[in-house]
Amino acid sequence: MKSYLSNDMVSLRAIEPEDIELLYSWENDPEIWEVSHTLVPYSKYILALYIKNSDKDIYESKQLRLMIDTPEGKTIGAIDLFDFDPYHSRVGIGLLIHNREDRSKGYASAALELLIVYCFNKLNIHQLFVNVETSNRISLQLFEKHGFHICGTKKEWLRTDSGWKDEVMLQLIEPAPDF
């Protein structure tokens, strides 16, 4: 049986209550706040409410977070769908591999590949999009490797500690079916 949520490198799974400590450490890590556009810390209470409400359908909540696990069962990151627009059949993607030692090993690429197939084949999404700060070459290369194309630049879009930065939007439109 083909699984849309696992491959040789990673498995994508729903958030569990046991993930609260991990989410708490990730969401409150100032090192990733600039990428995630976070300005304030998250409390365990807020995260517990988020986990409790994560059972809602993507059509109701307009978002979905899946945890990224290695075959050994280590949770190394999360991949998110956000700003789901069912009328226009599009959704944004966010991706985090938290620890530096887990990066550049193919996990993000494997998770993104699974999510693309899941979105197009199970959720019937027509278009995926992602926003990436222009100096984040690794993320740009990752999404371009999977067929995303830059469709626009937002000048001085992000205020950072080092000044204003541009952000690009990339999109991937569902390929036409082969007949």
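This report walks through the overall build of a predicted protein model and then visits a few of its residues.

Residues are numbered from 1 along each chain as its sequence is written, and side-chain values use heavy atoms, with hydrogens and water left out. Because the model is predicted, local features need pLDDT of at least 70 and side-chain atom pairs count only at pLDDT 80 or more, while totals for chains, interfaces and linings use all residues.

**Overall build**

Let's start with the fold. The protein has six helices and seven strands; helices (H or I, at least four residues) and strands (E, at least two) are DSSP runs, numbered from the N terminus. Along the sequence they follow the pattern β-α-α-α-α-β-β-β-α-β-α-β-β.

The C-alpha atoms fill a box of roughly 50 × 40 × 35 Å along the principal axes. For 179 residues, a compact globule would have a radius of gyration near 16 Å, and the protein agrees with its 16 Å. That radius is taken over C-alpha atoms, and the globule rule is 2.2 Å times the number of residues to the power 0.38. Contact means heavy atoms within 4.5 Å; among contacts between residues at least 6 apart in sequence, 58% join residues at least 24 apart.

Of the 179 residues, 40% count as buried. Here buried means under 20% relative accessible area, exposed over 50%, and partly exposed in between (1.4 Å probe, protein chains only).

**One side of helix α1**

Helix α1 (residues 20-27) has Ile20, Leu23, Trp26 and Glu27 as its buried residues. These cover an arc of only 130° around the axis, so they sit on the same side of α1. The arc is that of the directions from the helix axis to the C-beta atoms.

**Three residues to visit**

| Residue | Location | Relative accessibility |
|---|---|---|
| Serine 109 | helix α5 (residues 107-121) | 11%, buried |
| Aspartate 83 | strand β3 (residues 75-85) | 52%, exposed |
| Asparagine 124 | loop between α5 and β5 (127-133) | 56%, exposed |

Leaving aside neighbours within four places in sequence, serine 109 is in contact with Leu142, Lys145 and His146.

The other two residues in the table are worth a look for their backbone. Most residues other than glycine have a negative phi. Aspartate 83, however, has a positive phi near 50°, and asparagine 124 has a positive phi of about 55° although it is not a glycine.
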